[in-house]
Amino acid sequence: MLIEIQSPPKLKKGALRTYPLGGLGEVGRNMTVYEFDGKLLIVDCGVLFPEVEQPGIDLILPDITLLDNRLQDIVGVVLTHGHEDHIGGIPYLLKRRADIPLYGSQLTLALVAAKCKEHRLQPKLNVVAEGDRVAAGGGFDLEFVAVNHSIPDALAVAIRTPAGLVLATGDFKMDQLPLDGRITDLRAFARLGEEGVDLFQTDSTNADIPGFTPLEKEIGPVLESVIAGTPGKVVVASFSSHVHRVQQVLEAAAHNQRKVVLLGRSMLRNMKIAEELGYLDVPPGVLVTLKDAEEIPDEHLVYMSTGSQGEPMAVLSRIVKGNHQVSVSHGDTVILASSLIPGNENAVFRVIDGLMRLGAKVVHKGNARVHVSGHAAAGELLYCYNIVQPKNVMPIHGEYRHLVANAALAIETGVPTTRTLICQNGTVVDLQDGRAKITGQLEVGSLYVDGQTVGKVTDDDLHERRVLGTEGFVSIITVVSKKTGQIVSGPDIHTKGMAEDDSEFDVIKPKIVNGIQDAFQAAKRDGAAAPDRQKLQQVVRRIVGRWVGTKLRRRAMIVPVVVEVD
């Protein structure tokens, strides 16, 4: 369901407004804004990684440009956990206003601080823990609740204002035997439910999966078995922030008398932080450097790398291309210890194919239990709805089908359909007197990061890049007398990215000449001024574009250059 762009009315006195700038209808770049009494609170500010149809793009941010006129109204940013899709956009927000207070757990803010250091930023950090209550200012009273996820120290946040109580789960699941012993605090959920949750914003990522998410502890024995059965080296690819998975790999390697090498700048940085803060327990003597590994036989090595989503510049893709110090061949095993993020399927399958061509055995979630999700499945969400008993529900975090599935679960537990809001990025929801209503729709776009450039690349630019990459490029240079319309030089035609030789375009050169001269003659006949350079370029583009489309069945980028001389 698409909601038409509609400016929301002025926020009524005493009401709370919320609107997502990312994370709905997609998996990534999560960010939600809350407004009360003229002040703004933000929960999360993450990134989305580009897909094939976004060539040259490094990251995609929430549309934080919508906040440019209200940066001074922001009282703080709550960060629910340390995954990139929740914290990756923070440096770009802080470059707009550097002193915005950040609230998050110890590990989350340590990861943020390291990220900000790379951008030469010194964030204003406020470490919180489960059970803490903080007055963030502007009428926002925050309470933090422990939740279990695929990274330690994840938090849900209860946002109290005079308009009502909002409970935002962040990403979570209900693992009853977590590796770190830290379970989702359902007692706190129940207590908040008894107080009265006016709006429940809950993770939708696995809402369409029945039952319960498997336990993390089931992964360790599988990893140990795969490593034990590999005669050569083992490469395990995972997210660089998945501390629990790295812990399991370290333990499995130690049990098999193997050393572990961490590969990838983000993996090394994050695990160093996790170890220093006590979230990662490294068995003595297990970790070695890449240089040390040169002297160790393959059968005694495990490499822990990034690149489980097929990212072109990550370690695993570089191994496939043969431009990394680590290589794989017959006798080696590669374990993809992560879920497929929607949109990354083709990239991941290309990496798997490449690894198998090199002779490696590839173990992944499809053929072994080497990963479990960090998100609550339908059964867990039903428990939450029955415990919290919210007055209104707004599913967040997930593609549209996930939001719909989550809304259906809420309705099954008794939440009225009219109070279950399926929204999209930019949908404005106002909460007043215990009732949440959609009151408008903001025009929310994507903010692209391309190298050092942020926000200057447009969808039109990406369209041109796709055309260049798939259809080719044709340039036509023609020198014309601006008085007579006679061709002084050219047309010279050059192509790039096309199978046809430039000489095959000779057939349309006379048509270009005739087209230019016809334009001059028509102007003279009508008593009008001679056609200018822009009009002549349009004539050339039309002639060449029509010929390329008809004869070559291509939609190449046509770039005509007309030079006028006296």
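Q: Helices here are DSSP runs of H or I with at least four residues, and strands are runs of E with at least two. How many of each does the protein have?
A: In this predicted model, the protein has 15 helices and 24 strands. Its C-alpha atoms fill a box of roughly 85 × 70 × 45 Å along the principal axes, and 55% of its 566 residues count as buried.

Q: What makes K173 buried?
A: Buried means under 20% relative accessible area. K173 comes in at 1%, so the label applies. You'll find K173 in the loop between β11 (164-168) and α4 (186-195).

Q: Which residues does K173 touch, leaving out those up to four places away in sequence?
A: Quite a list: N148, H149, T184, T213, E216, V372, S373, G374, H375, A376 and E380.

Q: Why is the pairing of the K173 and E216 side chains called a polar contact?
A: The cut-off for a pair of N or O atoms is 3.5 Å. The K173 and E216 side chains meet at 3.0 Å, so the distance fits.

Q: How do you know that S240 counts as buried too?
A: Check it against that 20% limit: S240 has 15% relative accessibility, so it counts as buried. S240 lies in the loop between β13 (234-237) and α6.

Q: What does the side chain of S240 make a polar contact with?
A: With the side chain of S266, at 3.3 Å, and since the limit is 3.5 Å, that distance passes. Beyond four places in sequence, S240 touches S266, M267, N270, M271 and T306.

Q: Why is α5 called oblique to α6?
A: Helix α5 (residues 219-228) and helix α6 (residues 243-255) pack at about 45 degrees, with axes 9 Å apart. Roughly parallel needs an angle under 35 degrees, and roughly perpendicular takes 65 to 115. The α5/α6 angle fits neither, nor is it over 145, so α5 is oblique to α6. As for handedness, α5 passes α6 in a right-handed crossing.

Q: Which residues make that contact?
A: From α5 come I219, G220, L223, E224 and I227, and from α6 come R245, Q248, V249, A252, A253 and H255.

Q: How do those contact residues of α5 and α6 divide into nonpolar, polar and charged?
A: Six nonpolar, three polar and two charged. Glu and Arg count as charged, so E224 and R245 are the charged pair. Gly counts as polar, so G220 goes into the polar group.

Methods:
Residues numbered from 1 in each chain as written. Predicted model: local features only at pLDDT ≥ 70, side-chain atom pairs only at ≥ 80, totals over all residues. Heavy atoms only, no water. Axes fitted to C-alpha atoms, helices over the stretch in contact; angles between N-to-C directions. Left-handed = near helix turned anticlockwise from the far one by under 90°. Contact = heavy atoms within 4.5 Å. Buried < 20%, exposed > 50% of the residue type's maximum accessible area, 1.4 Å probe, protein only. Polar contact = N/O pair within 3.5 Å; in protein donor to acceptor, adjacent residues only side chain to side chain.
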